[in-house]
Amino acid sequence: MVKNSVISIIFQEQEENKENRGSVEFQVVTFTNKIRRLTSHLELHKKDYLSQRGLRKILGKRQRLLAYLSKKNRVRYKELIGRLDIRERKTR
């Protein structure tokens with residue numbers, strides 16, 4: 001659960017800047033937090049198909065935001081995936 005503690009620290013840093021809630025980084029952090037919670041929920045409840053669908057939707061949203069950030073600012077993208085311990089997206 002080290003990842004969750006890192007997420008909560010980053011989330012608190014982002015929450016202090018309330019003006020910055022619309023930033024890509026803040027949205028990716030919140031989606032990552034939701035993804036980790038849903039993943040742990042689905043480990044217990046394997047047949048919860050509605051939660052699986054919600055997880056897939058959130059994963060897609062996060063993927064699109066990360067793709068946008070990767071195109072706009074590669075340095076911020078690399079820093080964010082390093083802090084959140086997310087794998088880099090596959091390129092086609």
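This short presentation describes a surface patch and a nonpolar core in a predicted model.

Residues are numbered from 1 along each chain as its sequence is written. In this predicted model, local features need pLDDT of at least 70, side-chain atom pairs count only at pLDDT 80 or more, and totals for chains, interfaces and linings use all residues, while side-chain values use heavy atoms, with hydrogens and water left out.

I begin with the surface. K34, R37, R53, R56, K57, K61 and R64 form a positive patch. Patch residues have over 30% relative accessible area (Shrake-Rupley method, 1.4 Å probe) and no salt bridge, that is, no Lys or Arg side-chain nitrogen within 4 Å of an Asp or Glu carboxyl oxygen; like charges are joined within 9 Å. Helix 2 (24–44) and helix 3 (49–72) each give two or more residues to the positive patch, helices being DSSP runs of H or I with at least four residues, numbered from the N terminus. Helix 3 contributes the most, with five residues, and R53 lies in helix 3.

I turn now to the interior. The largest nonpolar core has 17 residues, and V28, L66, L80, L84 and I86 have the most contacts inside it. Such a core joins buried Ala, Val, Leu, Ile, Met, Phe, Trp, Tyr and Cys residues through side-chain atoms within 4.5 Å. Helix 2, helix 3 and helix 4 (74–84) each supply at least two of the core residues, and helix 2 gives the most, with seven.

Finally, is A67, a residue of helix 3, buried or exposed? A67 has a relative accessible area of 17%, so it counts as buried (under 20%; exposed is over 50%, and partly exposed lies in between). The C-alpha atoms of A67 and Y77 are 8.8 Å apart, and the two residues are ten positions apart along the chain.

Note on methods:
Patch = residues over 30% accessible without salt bridge, like charges linked within 9 Å, V, L, I, M, F, W, Y side chains within 5 Å. Lys, Arg positive; Asp, Glu negative; His and termini not counted. Charge placed at Lys NZ, Arg CZ, Asp CG, Glu CD. Buried < 20%, exposed > 50% of the residue type's maximum accessible area, 1.4 Å probe, protein only.
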